[in-house]
Each structure stands twice: as structure tokens, then as C-alpha cells.
Amino acid sequence: MPVLVITGTGTEVGKTVVTAAVAASALAAGRSVAVLKAAQTGVRPDEPGDAAEVERLAGPVTTAELARFPEPLAPATAARRAGRPPVHPHEVAEAAAKLATEHDLVLVEGAGGLLVRFDAAGGTLADAARLLSAPVLVVTPAGLGTLNTTELTARELRARGLEPAGIVIGSWPAAPDLAARCNLADLPDVAGAPLLGSVPAGSGALSPSAFRSSAPHWLAPRLDGSWDAEAFRIREAPEAF
């Protein structure tokens, strides 16, 4: 998959760290990687954004950012309040397609959830994915409440003619509760898509070298890793099945 779109079931679910893990695993497999942040919000011009964080953690990737708005709001709202032009889905698709001519893998990271609006016309990351005919990786929380938002996201993807590539748990707790353990079986069931990884909580605080060496162990072979969903379920939640 030359372009992989990465979305979340909401904000603060671990999209950037998962994007970095996917990038690090691809780099370890010898692939060239570009990371495109469609719209960065809540960051000043002199501050590093999500794409820079991916590069810091993952290593030598090409980074691109189409627009940056200072307030931590939905991109359409942040653009309007800043008096700046918004990002449109066709611009995201065009930028990703260009990067795909020069790299083995292009990761397009969204802002918030799938249907967060980029512009006043209601354009979203889903529209960009449709223009690209790209698979969409869904990053989701581990615990209570995640089944509903994950299923809604997967249903919306399919309603738009898109297929979820799979699910990655963005922050797996060191001491998972019963809901999180049961969700290991329930998440792929409600999404109709495989569980392709689980990133330990706090992974973004690792040193870059530790992050890069660990990332392939958090992701399934489809994402250039060695993680095994069934073995993980048996180890983490044997009593939940």
C-alpha cells in the first residue's frame, strides 16, 4: 500500500505515536517513508508539530505539513478563526499522490476523528482517502467506550466505499482492566477488520533508539512488524475468552 491514511476514533487516542511506529517499522524493513500531516492545529509556527514528532521517534522520514493553525480546534474552525485558507481534501490527495511517486510508503495522518471537517464545505479525511483509493488504519483506545466509536468509524468508512485496513490500539495500559481485555476480541468483531497492533502506553516517551527497536514488535506483519494478535490476546487476557 503506497499510501496509508491513519485516523482515530477521536482525539488523543495515540495517532501520532502509532504513525511513528508504522514509519519506524517500515524503515526497519528497508522502505522509504513520507509522513503528511494534512492540517496541524494547536501549534505555534515555531513549535514542532506531529510530523516532526514522528520524525524524531521513527528516524529519517520525509515530512510535509499542508497547513498550520494556532488554536487547538477542528481544522475548519481553526482556519476560520485564524483568517487563513483551509485545507481541502483534494489538496491532501494531491500532496500524498506526489509523495507516493518518490517513496515506498506515504502515511497521511488526520486530525482528530475521521469526520473532523477540514473546510466550510464539510470536506474530511475520509474524502481525501476516497480520492486516493487508500486504505485507512483506525487508531482506537483500549478501554470502555471504544467499541461504539470504532464500529461507527468502520461503518462510515464502508458507507463511503472505503475499507478499514485494520485497527491499532493506540495506548495499551500496563495493567489493563476487564473492559480492555475483553475488547481485544470485540474490537475486530465490531469493526469487521483485523487487530494489527497494540502500542504500549507511554511509548512516545521512549528514547528514539528504544522506540525504533521496539516498534516492529507492536505491529502485525501487514505493517512490517512481528506482533501476533492471537498470542497477545492469550497473554494479556486469557480469562476473557
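The legends below accompany a set of close-up views of a predicted model.

**Figure 1. The whole chain, as a starting point for the close-ups.** Welcome to the predicted model, whose protein chain contains nine helices and nine strands. Its radius of gyration is 17 Å, close to the 18 Å that the globule rule gives for 241 residues, so the chain is as compact as a globular protein of that length. The C-alpha trace spans about 55 × 35 × 30 Å along its principal axes. Of the 241 residues, 51% count as buried. If you like to think in contacts, take those with a separation of 6 or more: 78% of them join residues 24 or more positions apart. The accessible surface comes to about 10200 Å², and carbon and sulfur atoms hold 55% of that.

**Figure 2. The largest pocket and its lining.** Here we look at the largest pocket, which encloses about 510 Å³ of space. Its lining is made up of 22 residues. Thr11, Glu12, Lys15, Thr16 and Asp50 are the ones that lie nearest the centre. Which elements each supply at least two residues of the lining? They are helix 1 (15-28), strand 3 (40-41), strand 6 (105-113) and strand 8 (164-172). Sorted by class, the lining has nine nonpolar, eight polar and five charged residues.

**Figure 3. Ala52 in helix 2.** This view centres on Ala52, a residue of helix 2 (residues 50-58). Ala52 counts as partly exposed, because its relative accessibility is 32% and that class runs from 20% to 50%. For a sense of scale, follow the chain from Ala52 to Phe211: the two are 159 residues apart in sequence, and their C-alpha atoms lie 15 Å apart in space.

**Figure 4. Ala97 in helix 4, with Val3 in view.** Ala97 belongs to helix 4 (residues 89-100). With a relative accessibility of 37%, Ala97 counts as partly exposed. Do look for Val3 here as well: Ala97 and Val3 are 94 residues apart along the chain, and 7.8 Å separates their C-alpha atoms.

**Figure 5. Asp127 in helix 5 and the residues it touches.** Helix 5 (residues 125-132) includes Asp127. Is Asp127 buried or exposed? At 14% relative accessibility, Asp127 counts as buried, because the cut-off for that class is under 20%. Leaving aside residues up to four places away in sequence, Asp127 touches Pro89, Gly122 and Arg160. For a longer view, Phe232 is 105 residues from Asp127 along the chain, and their C-alpha atoms are separated by 34 Å.

**Figure 6. Two loop residues with positive phi.** Most residues other than glycine have a negative phi, so a pair of exceptions makes a nice close-up. Ser133 sits in the loop between helix 5 and strand 7 (136-140), and its phi is near 55°. Ser133 is exposed, with a relative accessible area of 65%. The other residue in this view is Asp224, from the loop between helix 8 (208-214) and helix 9 (229-236). Phi of Asp224 is near 70°, again a positive value in a residue other than glycine. Asp224 counts as partly exposed, at 26% relative accessibility.

**Figure 7. Asn183, a buried residue of helix 7.** Asn183 is found in helix 7 (residues 178-191). How much of Asn183 is accessible? Its relative accessible area is 5%, so Asn183 is buried. Beyond residues up to four places away in sequence, Asn183 touches Ala142, Gly143, Leu144, Thr146 and Leu147, as well as Pro188.

**Figure 8. Pro194, in the loop after helix 7.** Our last stop is Pro194, in the loop between helix 7 and strand 9 (195-200). Pro194 counts as partly exposed, at 40% relative accessibility. Which residues does Pro194 touch, not counting those up to four places away in sequence? They are Ala165, Gly166, Ile167 and Pro188. Pro188 may look familiar, as Asn183 touches it too. Pro164 is 30 residues from Pro194 along the chain, and the C-alpha atoms of these two prolines are separated by 8.9 Å.

Methods
Residues are numbered from 1 along each chain as its sequence is written. This is a predicted model: local features need pLDDT of at least 70, side-chain atom pairs count only at pLDDT 80 or more; totals for chains, interfaces and linings use all residues. Side-chain values use heavy atoms; hydrogens and water are left out. On a 1 Å grid over the protein atoms alone, a cavity is a set of points where a 1.4 Å probe fits but cannot get out, and a pocket is an open set with protein on both sides within 12 Å along at least five of seven lines; lining residues have an atom within 4 Å of a point. Grid points are joined across faces, edges and corners, and a volume is the space filled by probe spheres set on the points. Helices (H or I, at least four residues) and strands (E, at least two) are DSSP runs, numbered from the N terminus. Ala, Val, Leu, Ile, Met, Phe, Trp, Tyr, Cys and Pro count as nonpolar, Asp, Glu, Lys and Arg as charged, and the others, Gly among them, as polar. Buried means under 20% relative accessible area, exposed over 50%, partly exposed in between (1.4 Å probe, protein chains only). Contact means heavy atoms within 4.5 Å. The radius of gyration is taken over C-alpha atoms; the globule rule is 2.2 Å times the number of residues to the power 0.38. Accessible areas come from the Shrake-Rupley method with a 1.4 Å probe; for residues, only the protein chains shown count as cover.
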